[in-house]
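Hi there,

Here is the structure I promised to send over. Have a look at it first, and then read on for my notes.

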Amino acid sequence: MPSDRQQSDRPQPDAAMLDELLALALEAARLAGALLRDGRPADLGVAATKSSPVDVVTEMDLASEKLIVELITGRRPQDGYLGEEGTERSGTSGVRWVVDPLDGTVNYLYGLPNWGVSVAAEYHGQVVVGVVDAPARRELFQAVLGRGATLDGRTLSGRPTPPWGQALVATGFNYVLPNRVHQAEVLHRLMPEVRDIRRGGAAAIDLCDLAAGRLDGYYERGLAPWDLAAGGLIAREAGLFTGGRPGEPASGELVVAAGPGVFEPLQARLEELGAWHD
């Protein structure tokens, strides 16, 4: 069984804590999502770059991060926090928030709808709450460890397993040119073996679409914790598997997510193709 589905020996939060964390995650994601949807300037431009000139940050990424940090810090000052736009602090409560204030920045910059806000809460290192708000799509995904995943209140359970050759698989690409070249080589060899490939441009949204039955599988190299935390929990709580290389958990080295019957051949083929290295 994929390692991310194994039971953890870590301390577990009680129901009241889970309810509190979920309520705060929902509030933060909705408020940030509304800010991004309604506050996007017509002349939105690039405020900074990260790993390469095409890996961009906009002023709205920074505004969304600020809103979320202030909200969570004001309500739960004892918690830790890790955010994509540079906010990081340790805490004393055992809870750490892992946040992508704008997943799919390039989509957002170009006016494409595939972007969202990803808010997750870890308890002693295990993700226990995940919320992904996709305002331009008018969709709100959420999950709580052991309680399942929903989209706008509808329970998610993936889709029936297709034959390997009929699997619709999503992926994403690194912004560093040499890494992208190798990823394209992997894709070139994988594409003829499956139904087709999709590239949505937002990892958290891809994982949520997998949970919603809109994809059969997903893989990507180079994800950060904030890319994976909420969407990964939503996928697992919808009954899907997440992992990395065979026997390893999902990580920046490789993320593989799919239902049983697709997960195993996808993971094995990616291992053969060297998708886990640059």
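What covers the buried residues of α1? Before I answer, please keep in mind that this is a predicted model. The cover includes two helices, α2 (59-75) and α3 (105-110), along with the strands β5 (95-103), β6 (116-123), β7 (126-134) and β8 (139-144).

The buried residues themselves are M17, L18, L21, L22, L24, A25, L26, A28, A29, A32, G33 and L36. An α-helix has 3.6 residues a turn, so residues three or four places apart point the same way. You can follow that kind of spacing in α1 by picking out L18, L22, A25, A29, A32 and L36, which are among the buried residues.

The length of α1 (residues 15-39) also makes sense. With 25 residues at 1.5 Å a residue, the helix should span 36 Å, counting one step less than the number of residues. Its end C-alpha atoms are 35 Å apart, which agrees.

Next, the cores. The largest nonpolar core has 38 residues, and the members that touch the most others are V132, F141, L156, Y218 and I234. Two or more residues of this core come from each of β7, β8, β9 (148-151), β11 (168-171), α5 (203-211), α6 (225-237) and β15 (255-258). If you want one residue to start from, try I234: leaving aside residues up to four places away in sequence, I234 touches G130, V132, F141, Q142, A143, A149, L156, C208 and A211. Another core lies apart from the largest one; it has 34 residues, including M17, I68, Y81 and A121. M17 is also one of the buried residues of α1.

Finally, the empty space. Rolling a probe the size of a water molecule over the atoms shows where empty space is left. Here there are 2 cavities of 30 Å³ or more.

- The largest holds about 70 Å³. Its lining consists of T171, G172, H182, Q183, V186, Y219, E220, R221, L254, A275 and H277. Two elements, α4 (177-190) and β13 (217-220), give two or more residues each, and α4 gives the most, with 3. By class, the lining has 4 nonpolar, 5 polar and 2 charged residues.
- The second largest has a volume of about 50 Å³. Around it are G158, R159, P160, T161, P162, L210, L215, D216, L240, G259, P260 and V262. That lining divides into 7 nonpolar, 3 polar and 2 charged residues.

Happy browsing, and all the best!

Notes:
Residues numbered from 1 in each chain as written. Predicted model: local features only at pLDDT ≥ 70, side-chain atom pairs only at ≥ 80, totals over all residues. Heavy atoms only, no water. 1 Å grid on protein atoms, 1.4 Å probe; cavity = no way out; pocket = protein on both sides within 12 Å on 5 of 7 lines; lining within 4 Å. Points joined across faces, edges and corners; volume = space filled by probe spheres on them. Helix = DSSP H or I, 4+ residues; strand = E, 2+ residues; numbered from the N terminus. Nonpolar A, V, L, I, M, F, W, Y, C, P; charged D, E, K, R; others polar. Buried < 20%, exposed > 50% of the residue type's maximum accessible area, 1.4 Å probe, protein only. Contact = heavy atoms within 4.5 Å. Core = buried A, V, L, I, M, F, W, Y, C linked by side-chain atoms within 4.5 Å.
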